[in-house]
Amino acid sequence: MPIAQSDLETLLKTAFPQAEIEVVDLAGDGDHYKAIIADASFAGLSKVKQHQSVYAALKGRVGEEIHALALETRAP
């Protein structure tokens, strides 16, 4: 079952409350998203660590409710 874009945005904003977040539904199907996240907590972290923190915040939904998630992360 797909996840609504607004639900994905809420999950990310809850995990990264100070972040600038943009979520784009790439295919219009609720299964393929791109998330662009700029958060101070990413400072000094490798891209792998940044992405791992996003996946952790989504609590196993990637591969289930979210079929595909392209990530663009950075510190502001």
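User: In this predicted model, which residue in strand 2 is the bridge partner of valine 23, and how should I read such a pairing?

Analyst: The general idea is that strands of a sheet pair through backbone hydrogen bonds, in either a parallel or an antiparallel sense. Here the model is predicted, and the partner of valine 23 in strand 2 is alanine 35. That pair belongs to a wider pattern, in which strand 1 (residues 20-25) and strand 2 run antiparallel and are joined by six bridges. The two strands form a hairpin with six residues between them, and in the turn glycine 28 has a positive phi of about 75 degrees.

User: In which sense do strand 2 and strand 3 pair, parallel or antiparallel?

Analyst: Strand 2 pairs with strand 3 (residues 68-74) in the parallel sense, over seven bridges; within strand 3, threonine 73 is the bridge partner of isoleucine 37. The connection can be read as a unit as well, since strand 2, helix 2 (residues 47-57) and strand 3 make a right-handed β-α-β unit.

User: What is the order of the three strands in the open sheet, and which strands stand at the edges?

Analyst: The order is 1-2-3, in an open sheet whose pairing is mixed. Strand 1 and strand 3 are the edge strands, each having a single partner strand, so that one side of each is left without a neighbour in the sheet. From one strand to the next, the twist averages 10 degrees. Helix 1 (residues 5-15) packs on this sheet, where it touches strand 1 and strand 2, and its direction makes about 155 degrees with that of strand 1. Helix 2, in turn, lies across strand 2 and strand 3 and runs at about 125 degrees to strand 3.

User: How should I read burial along a helix, and which residues of helix 2 are buried?

Analyst: The general idea is that an α-helix has 3.6 residues a turn, so residues three or four places apart point the same way. In helix 2 the buried residues are Gln50, Val54 and Ala57. Seen down the axis of helix 2, these buried residues fall within an arc of 60 degrees, and therefore they line one face of the helix. Their cover includes helix 1, strand 2 and strand 3, whereas the face turned away from the buried side carries the exposed residues Val48 and Ala56. After helix 2 comes lysine 59, whose phi is positive, near 50 degrees.

User: Which residues touch the most other members of the largest nonpolar core?

Analyst: Leu12, Ile37 and Val54 do, in a core of 17 residues. The elements giving two or more residues to this core are helix 1, strand 1, strand 2, helix 2 and strand 3, and strand 2 gives the most, with three residues. Strand 2 (residues 32-38) is itself mostly covered, with five of its seven residues buried. If neighbours within four places in sequence are left aside, leucine 12 is in contact with Ile21, Val23, Ala35, Ile37, Val54 and Leu58.

User: Where is the place of glutamate 65, and why does glutamate 65 count as partly exposed?

Analyst: Glutamate 65 is in the loop between helix 2 and strand 3. The partly exposed class lies between the 20% and 50% cut-offs, and glutamate 65 counts as partly exposed because its relative accessibility is 31%. Leaving aside neighbours within four places in sequence, glutamate 65 is in contact with Met1, Pro2, Ile3, Gly30 and Asp31. Glutamate 65 and aspartate 39 are 26 residues apart in sequence, and their C-alpha atoms are 24 Å apart in space.

Note on methods:
Residues numbered from 1 in each chain as written. Predicted model: local features only at pLDDT ≥ 70, side-chain atom pairs only at ≥ 80, totals over all residues. Heavy atoms only, no water. Buried < 20%, exposed > 50% of the residue type's maximum accessible area, 1.4 Å probe, protein only. Helix = DSSP H or I, 4+ residues; strand = E, 2+ residues; numbered from the N terminus. Pairing = 2+ DSSP bridges. Right-handed = clockwise from strand over helix to strand, strands pointing away. Axes fitted to C-alpha atoms, helices over the stretch in contact; angles between N-to-C directions. Contact = heavy atoms within 4.5 Å. Arc of directions from axis to C-beta. Core = buried A, V, L, I, M, F, W, Y, C linked by side-chain atoms within 4.5 Å.
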